[in-house]
Amino acid sequence: AGGLHLSGGQRSALPPQQFMKWGGATVGGHKLTWHPWAGRDGHPTPGFRATSYPPRPICFTPFPNNPNDTNHTPGELPLSWVNMCEFMCNDLSKSLGDDFKGFDEASVSRSPAFDLALTTRVLSVTGLVEEKGSTKFYGTDRDPSSGTMVAEFDCPADAWFFVGAPNDAQMPYSILMEIALQTCGILTSWNKAPLTMSKDHGFNLLFRNLDATAKLYAHVDLRGKTIVNTSKCTGYAMLGQMGVQKFNTVLEVDGKPFYEVDSSFGWFLPAVFEKQSGSTTASSASAGTWPTSTPSPASPSPPTRASSSPAPSRPASRRPTCSAGGRTRFASSMRSASRRRAASTVRGTATASRPSTRATGSFRATSGATP
């Protein structure tokens, strides 16, 4: 299916044969007819824009009877599964509203699609600084350094990444990272960070993960659970022809936080990546090797939540560091790397394999969970 062999887990029927070819023209106006909910029980059918990459089956559907899945108005919260489908493979304006019409025909970064669409819905955005009609925030009316977004992922018990993992009860660490960081890609659009670039450089823009520091507080069985993602934008700065944004993300299940990430992303012009030649020096190449283990500080405690009790103290853990090459969160060219990382599964210590990419960056994972 689009070059990907799927084995196990729930999935939709294959996309129509007319789209299952490489190198085709980018043409909109189609429908996502192979989504299991499309046109059924009163649900609308999301749109689909064919590209040079074949689409893949839909692997995730919302858990039934969620009241937040009934509003599909673009740019109006909550954003439903329909809005998320529009975001991943159709017109951005049909997800986020008319302010984003310029991106509809552009080669701009989108939310990962199909088997990697790990955001079911967006519930709310708070703390957003906005002055309608103003251009004081880098030429836009919203402050791209503000906003806290709450989103959810309905994680099926028979998801393909559980079925394909060595341990059915453990989510591969690469998928956990993906769930955490995808909401950052939605929030960056909601607070109009890409519009700070498009006014001068056009709408063909790329959004790339630069680095992250993650803390795993507990091993949690996530099968059949709704994972709540709270992502807060903590800063934004324009650096020449690049916009850099920082986020803090906390994942919770059943009201208890179990994973936290501080990350930074950048908005870039495509020409920046066309000129990348990769790491060629000995010093930069060595940055991708696993270092000798060194003692780490005491294991982290989860962030304070009124509904959760204080975390018990845990013995010190050891944490690895590795180059993660500026993982791409919102471009189809990097989804293959994300699938390769799916073989890495959390055990006593969180690990991440080095993806194949030319951008530079770093990733550090700390496991405070008891095996």
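The protein has 8 helices and 10 strands, and the model in which they appear is a predicted one. Of its 371 residues, 53% count as buried, a word that here stands for under 20% relative accessible area. This briefing turns from the whole protein to its cavities and then to helix H1.

**The protein as a whole**
- Among the contacts in the protein with a separation of 6 or more, 71% are accounted for by residues that lie 24 or more positions apart.
- The area that the protein exposes comes to about 15800 Å², and carbon and sulfur atoms supply 51% of that area.

**Cavities**
- Rolling a probe the size of a water molecule over the atoms shows where empty space is left.
- The count comes to 4 cavities of 30 Å³ or more, and the largest cavity holds about 190 Å³ of space.
- The largest cavity is lined by 18 residues, of which Phe60, Met84, Cys85, Ala117 and Thr119 are the closest to its centre.
- When the lining of the largest cavity is divided by residue type, 12 residues are nonpolar and 6 are polar, while no charged residues are found there.

**Helix H1**
- Helix H1, which covers residues 81–89, gives the largest share of the lining of the largest cavity, namely 4 residues.
- H1 is mostly covered, since 9 of its 9 residues are buried, and these are Trp81, Val82, Asn83, Met84, Cys85, Glu86, Phe87, Met88 and Cys89.
- The cover over the buried residues of H1 includes strand S2 (47–50) and strand S3 (121–126), together with helix H2 (93–96) and helix H4 (173–190).

How values were computed: Residues are numbered from 1 along each chain as its sequence is written. This is a predicted model: local features need pLDDT of at least 70, side-chain atom pairs count only at pLDDT 80 or more; totals for chains, interfaces and linings use all residues. Side-chain values use heavy atoms; hydrogens and water are left out. On a 1 Å grid over the protein atoms alone, a cavity is a set of points where a 1.4 Å probe fits but cannot get out, and a pocket is an open set with protein on both sides within 12 Å along at least five of seven lines; lining residues have an atom within 4 Å of a point. Grid points are joined across faces, edges and corners, and a volume is the space filled by probe spheres set on the points. Helices (H or I, at least four residues) and strands (E, at least two) are DSSP runs, numbered from the N terminus. Ala, Val, Leu, Ile, Met, Phe, Trp, Tyr, Cys and Pro count as nonpolar, Asp, Glu, Lys and Arg as charged, and the others, Gly among them, as polar. Buried means under 20% relative accessible area, exposed over 50%, partly exposed in between (1.4 Å probe, protein chains only). Contact means heavy atoms within 4.5 Å. Accessible areas come from the Shrake-Rupley method with a 1.4 Å probe; for residues, only the protein chains shown count as cover.
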